[in-house]
Number of protein chains: 2
Amino acid sequence: MAPRKEQQIFQATLELLAAKGYQGLTVEGVAERSGVNKTTIYRWWPSKAALLAAALVESDLLATDPPDTGSLRGDLEALVRGIAALLTRPPASDVAVAALGAAVHHAELAETARTFFADRFAREEIVFERARGRGELSAAADPVLIMDLLAGAVWLRAVFRGLPLDDGFAACAVSAVLDGAADQPERAAGMRSRTG
Amino acid sequence: MAPRKEQQIFQATLELLAAKGYQGLTVEGVAERSGVNKTTIYRWWPSKAALLAAALVESDLLATDPPDTGSLRGDLEALVRGIAALLTRPPASDVAVAALGAAVHHAELAETARTFFADRFAREEIVFERARGRGELSAAADPVLIMDLLAGAVWLRAVFRGLPLDDGFAACAVSAVLDGAADQPERAAGMRSRTG
């Protein structure tokens, strides 16, 4: 399928999801909105769950380039700002929150959510590879866990608590996971037990 | 209202939510299931959103006592295990995931979600007060942020990624936020810029 046509289908899919929720999302509706024949869409994606998974991963609407600021701290702050924008700034936030919210309720979307997060981490991984090359990351650090802590905190604040996320939040959240919250003696004890 | 009767109403509310979702939750249904008159319920809680908010905060089903293991590390690991159980072990997880998922879709539940998280933090706060008393927490540390990072990571893994959360997860997640992921020189730089 031509890339431009594919993007039209993905955009129609995500717009329909944001407007009507997952229950209101139908391949018929996507066909109508994108001007692409229904049978053509079914030939490429066998179900609306499969179509949504492809749209979430491949649509230009949610695409991001990994930051390259020259430091792990700067890159992680940029990633946190990007996740905050994804969850709070329309139209991307309408799509992302509707899709992730639907994944909570519809078992058939469990795989879609896993695919979405695996794809995002695959894009973010280069940030941690560069940081290891610069000697910025401790040997015991787990990049997936770091991203789960940061992205999870953004989700919890923006979606569940409905709090605004300003630039200060990114710096504080990144400092928490890079510098640690323990006072010095306690941290030293933790470091020993971690490496021992 | 008698505490026992109140708990019956709350339990009926949460069971109905878990079974039928927020749209299927009605005060009529709660009245039927709890054996309490509908008008009595309305006298105490003016809407189903108000009833759900009260049930989430006051029901014995979701209640937890803050841990007191003698160290901040031990207490935080216990809190993470408690949140993981809340989001993965039925029947509490059916209720918690249904309620939080509904909060994503229904604007009238935004206040309910805020109340729920504020109440949980109010119960957790003693852990951080004791840690400050023992000198375990750095002056710059933000307890709300620490809980948002930890609870957010549990939500993201358990609900969105569908990954099992074993005991190792609690130790790793707590180590990340207490000890920090930065290598030593980078961390020292971060500490200077934080306190400077």
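Student: Helices (H or I, at least four residues) and strands (E, at least two) are DSSP runs, numbered from the N terminus; in what order do the elements of chain A run?

Tutor: From the N terminus on they run α-α-α-α-α-α-α-α-α-α, which amounts to 10 helices and 0 strands in chain A. This is a predicted model, in which local features need pLDDT of at least 70 and side-chain atom pairs count only at pLDDT 80 or more, while totals for chains, interfaces and linings use all residues. Residues are numbered from 1 along each chain as its sequence is written, chains are lettered from A and ligands numbered from 1 in the order in which they are written, and side-chain values use heavy atoms, with hydrogens and water left out.

Student: What are the dimensions of chain A along its principal axes?

Tutor: The C-alpha trace of chain A spans about 65 × 35 × 30 Å. Of its 196 residues, 55% count as buried, where buried means under 20% relative accessible area, exposed over 50% and partly exposed in between, using a 1.4 Å probe and protein chains only.

Student: And what does UniProt place at residues 3-63 of chain A?

Tutor: The unreviewed entry gives "domain: HTH tetR-type" there, and a "DNA-binding region" at residues 26-45; UniProt positions are in the numbering used here, feature names are shortened, and annotations may be inferred rather than shown by experiment. In the model, residues 3-63 of chain A are 79% helix and 0% strand, with end C-alpha atoms 15 Å apart, whereas residues 26-45 are 75% helix and 0% strand, with end C-alpha atoms 12 Å apart.

Student: Switching to H6(A), how many of its residues are buried?

Tutor: H6(A) is mostly covered, with 12 of its 14 residues buried, among them A:Val95, A:Val97, A:Leu100, A:Gly101 and A:Val104. This helix, residues 92-105, reaches 20 Å from its first C-alpha to its last, close to the 20 Å expected at 1.5 Å a residue, the expected span being 1.5 Å times one less than the number of residues.

Student: Which residues does A:Trp155 touch?

Tutor: Counting a contact as heavy atoms within 4.5 Å, and leaving out residues up to four places away in sequence, A:Trp155 touches A:Leu87, A:Leu100, A:Gly101 and A:Phe160 as well as B:Val104, B:Trp155 and B:Phe160. A:Trp155 is found in helix H8 (residues 143-160) of chain A.

Student: Is A:Trp155 buried or exposed?

Tutor: A:Trp155 counts as buried because its relative accessible area is 2%.

Student: Which residues touch the most other members of the largest nonpolar core?

Tutor: They are A:Leu76 and B:Leu76, in a core of 144 residues; a nonpolar core is a set of buried Ala, Val, Leu, Ile, Met, Phe, Trp, Tyr and Cys residues joined through side-chain atoms within 4.5 Å. Beyond four places in sequence, the residues that A:Leu76 touches are A:Val127, A:Phe128, A:Ile146, A:Met147, A:Leu150, A:Val174 and A:Leu178.

Student: Last topic: by what turn and shift can chain B be laid on chain A?

Tutor: A turn of 180° and a shift of 0.0 Å along the axis lay chain B on chain A with an RMSD of 0.0 Å, the copies being superposed by least squares on the C-alpha atoms of residues with pLDDT of at least 70 in both. That is the relation of a two-fold axis. The same surface serves both copies, since 100% of the contact residues of chain B recur in chain A.
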